Amino acid sequence: MESRPKRRLAAILAADIAGYSRLVGLDEEGTIARLRLIRSEVIEPAIARHSGRIANTAGDSFVIEFRSAVDAVHAAVEIQADLAKRNAGTDQDSVFTFRVGLNVGDVVSNGDDILGDGVNVAARLEALADPGGIIVSQSIVDYARNKVPYGFAPIGPQNVKNIADLVQAFRVEAEILPSPRKSRTQRTSRWLPLAALLVMLAAVGLFLTKPWKTGQLRASEAQMVYPLPDLPSIAVLPIANYTDDASKEMLINGISEDLITDLSRISGLFVIAGNSSFAYRDRNINIARFAEELGVRYVVDGSVRRADEDFRINIRLTDTLSGRLIWANRFDGAIDDVFEVQKTIVLAIAQELDLPLDPQSRQAIESVETQTIAAREAFQRGWELYSQFNEQDNLAAIPHFEKAVELDPDYGRAWATLALAHLRPHIFHHWNGFAESGAQMHIGLFYRYYRDVMEQDTALVHVIRAIVSLNLPDWDSNLRVGRGTEEARREAAKAIALQPSDPEAHLTMGWALIAAGEPEEGLAFVQAATRLDPNSPSHYALFEAAALYALNDLTGAADVIEKELSRNPQATELMPFAASVLALNGDRRAGRAIIDRWQKGKHAGVIQDAVQNYFFIIRWVGENQQLNARLNDGLRLAALPPEKTIASLRADLSRGDAKDQRTAAQSLALFGPEAEPAVPELIALLESPSVFVRKEAAIALGKIGGAASSALPALEAMVDGSLQGKFATRAIEQIRDKSAE
């Protein structure tokens with residue numbers, strides 16, 4: 001029986017010497033000797049530092065295997081940097097320069113050699129590299145981005161020999177690597193002089209009319225509030241309204257919003273979300289400061305004039321680091337053509353920034369969601385309310401979305417957002433206004449609208465599908481919406497693929513990962529979402545704090561929530577979580593103050609009901625379900641009257657009234673290990689004539705954990721097939737687990 005080939009996933013570095021045949025022709029022995037020296041002094045030490053091995057060699061070329069993409073990138077850059085130093089001042093006839101290609105892929109062992117498409121792709125990418133340069137595949141970028149201090153500049157999909165699919169290729173950007181040469185097409189294009197002339201003329205016309213906010217164009221990277229991303233980064237300054245009629249403002253705001261949405265669909269471009277860009281509406285800020293505050297290199301700005309059924313759009317793209325105007329244009333036409341102009345602008349920006357568009361992105365940009373001006377204006381009115389992310393504005397947004405779909409029944413984004421607006425009260429149960437309107441009515445309307453849009457392949461719909469998987473476990477399976485965190489992760493990944501700069505897609509992925517018990521990974525996605533939307537709504541802070549809480553960083557979680565409540569004192573959706581983590585972190589007084597803010601003016605009975613029935617947005621699953629219970633305990637601990645202390649509760653345990661004993665045991669359980677002084681009284685209650693008292697005493701001892709080990713004999717004596725026996729068994733497990741830590 002033949003043995004199956006040994007396959008594995010590996011990071012592959014393919015390298016060869018540029019102009020090796022010419023070097024050998026000039027000095028064969030000297031070239032071979034220098035190659036041996038470079039191998040022993042440059043290549044092999046770099047490989048050793050990063051746990052690699054030379055798999056294949058063929059004279060002037062190497063195939064090197066690494067265990068990770070990060071190791072492969074570091075080694076490649078170090079090799080190229082070392083060679084660059086050696087080549088400085090060297091006669092050109094003696095210079096050794098390597099082309100390098102990197103890929104992560106499936107390989108097959110053949111003795112010490114490796115074969116397969118993973119190696120072939122690396123070799124094909126190496127052929128695309130400039131001498132001294134490094135070209136990598138999408139798989140390398142996926143694994144290494146944000147883990148290495150280098151940039152990855154997309155050079156577009158490549159059709160390479162013997163590989164059926166196009167290969168997305170990227171150039172590694174580091175200070176020690178050479179600048180890329182212009183392609184032959186770029187050097188010889190007969191349209192370049194004409195295009196440059198048109199841009200220059202358009203720019204002159206624009207500067208003469210000054211149709212935008214004036215001011216400094218050059219930004220300082222040192223003054224950036226956020227570090228520049230590895231990718232080309234861009235923000236859209238809200239398009240200025242040069243129309244006297246304020247009723248036209250919604251369409252003009254919609255133009256800005258649509259430009260941002262379409263730009264965010266481009267892979268390889270980092271785009272600041274509309275929520276943060278629109279925070280600068282009506283602010284007198286120059287382009288450079290706008291770029292510095294949002295941490296981007298490129299800025300789009302301009303103006304719109306609308307008169308009756310005609311419009312004029314002036315638009316420009318600026319590189320704020322150099323202060324250079326990259327592209328500018330003016331568009332005049334009938335108002336019905338405005339949507340076509342929007343996509344023309346986006347495609348022009350992609351071209352000017354040399355960003356290749358895959359067919360899916362191009363199709364999404366070129367498709368127009370609605371041709372009905374009034375529907376777009378109605379949607380924008382709703383969207384601006386909806387984006388405020390609070391109960392009152394969310395409720396007020398719904399009629400505008402309804403108007404939009406009434407005017408254009410095929411307006412998919414409006415239907416999807418209408419559905420999501422009706423879903424929010426199910427997620428945030430404390431939005432009382434929705435309860436008064438009938439929460440069941442809202443969830444019913446969500447079901448109704450969502451059925452009509454669930455087949456759409458858009459980022460927004462995939463985000464909703466992910467939220468459904470996380471929040472509606474009893475959803476009708478016939479509607480093919482999966483359950484649980486795995487389905488949510490798949491849907492969030494689809495959303496990110498369709499719209500890479502959509503912060504809600506990244507946030508939803510973070511939500512799914514946190515709920516699945518991967519808080520560190522989830523936190524990274526939440527932070528990515530916040531970077532895309534620096535002025536993000538308050539629920540972003542909620543998910544960041546939830547990740548820190550799951551990592552047992554209660555201080556960090558409390559700091560995040562309190563900072564956001566200082567920024568937005570009306571963010572009621574943060575208050576229960578804030579109260580819980582503050583109490584769990586030992587600050588009951590601060591936790592109680594937050595509860596009083598949350599339930600302002602309510603009497604004690606209402607507060608207790610609100611605390612007992614509160615439902616946190618994240619549902620931890622599997623072995624992490626204890627995080628839900630702990631968070632609920634923290635909220636109840638914060639709600640305890642300040643006079644309820646461990647000492648007073650111990651006194652209640654010693655009284656003869658079973659109700660008082662039961663209530664005191666329940667309260668002591670909230671203190672966890674801090675309630676250790678009450679262990680003797682709780683042990684005594686394990687012999688109470690009341691089964692309910694015995695049950696609560698066992699639960700409290702389990703919550704105290706290892707410090708209650710003296711209760712083990714009494715608990716073991718309770719173990720039987722009864723209900724109290726089950727609670728005793730659980731308490732024993734908790735005590736032993738904590739004792740073993």
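Visitor: Where does Asp336 lie?

Guide: Asp336 sits in the loop that runs between strand 14 (324–334) and helix 11 (338–352). Keep in mind as we go that this is a predicted model.

Visitor: Which residues form the negative surface patch with Asp336?

Guide: To read a patch like that, look for like charges that come together at the surface without a salt bridge. In this chain, Asp308, Glu309, Asp310 and Asp337 join Asp336 in a negative patch.

Visitor: Let's zoom out. How many helices and strands does the chain have?

Guide: There are 33 helices and 14 strands. The chain has 741 residues, and 52% of them are buried.

Visitor: And how much of the contact count comes from residues 24 or more positions apart?

Guide: Take the contacts with a separation of 6 or more: 66% of them link residues 24 or more positions apart. As for the outside, the accessible surface comes to about 34,000 Å², with 50% of that belonging to carbon and sulfur atoms.

Visitor: Why is helix 10 described as largely enclosed?

Guide: Go residue by residue and ask which ones fall under 20% relative accessible area, the cut-off for buried. In helix 10 (residues 287–294), 7 of the 8 residues pass that test, so the rest of the structure largely encloses this helix. The buried set is Ile287, Ala288, Phe290, Ala291, Glu292, Glu293 and Leu294.

Visitor: What covers those buried residues of helix 10?

Guide: The cover includes strand 9 (233–236), helix 9 (274–277), strand 12 (298–307), strand 13 (310–319) and helix 21 (519–532).

Visitor: What about Ile285: buried or exposed?

Guide: Ile285 is in the loop between helix 9 and helix 10. Its relative accessibility is 5%, so Ile285 counts as buried. For a sense of the fold around that loop, compare sequence with space: Ile285 and Leu237 are 48 residues apart along the chain, while their C-alpha atoms are 9.5 Å apart.

Visitor: Now backbone angles. Which phi does Asp354 have?

Guide: Here you check the sign of phi together with the residue type. Asp354 has a positive phi of about 55°, although it is not a glycine. Asp354 belongs to the loop between helix 11 and helix 12 (359–366), and it is exposed, with a relative accessible area of 51%.

Visitor: Where does Asn552 lie, and what is its phi?

Guide: Asn552 is in the loop between helix 22 (538–550) and helix 23 (554–567). Asn552 is not a glycine, yet its phi is positive, at about 65°. With 51% relative accessibility, Asn552 counts as exposed.

Conventions: Residues numbered from 1 in each chain as written. Predicted model: local features only at pLDDT ≥ 70, side-chain atom pairs only at ≥ 80, totals over all residues. Heavy atoms only, no water. Helix = DSSP H or I, 4+ residues; strand = E, 2+ residues; numbered from the N terminus. Buried < 20%, exposed > 50% of the residue type's maximum accessible area, 1.4 Å probe, protein only. Contact = heavy atoms within 4.5 Å. Areas by Shrake-Rupley, 256 points an atom, 1.4 Å probe, with all protein chains shown as cover. Patch = residues over 30% accessible without salt bridge, like charges linked within 9 Å, V, L, I, M, F, W, Y side chains within 5 Å. Salt bridge = Lys/Arg side-chain N within 4 Å of Asp/Glu carboxyl O. Lys, Arg positive; Asp, Glu negative; His and termini not counted. Charge placed at Lys NZ, Arg CZ, Asp CG, Glu CD.
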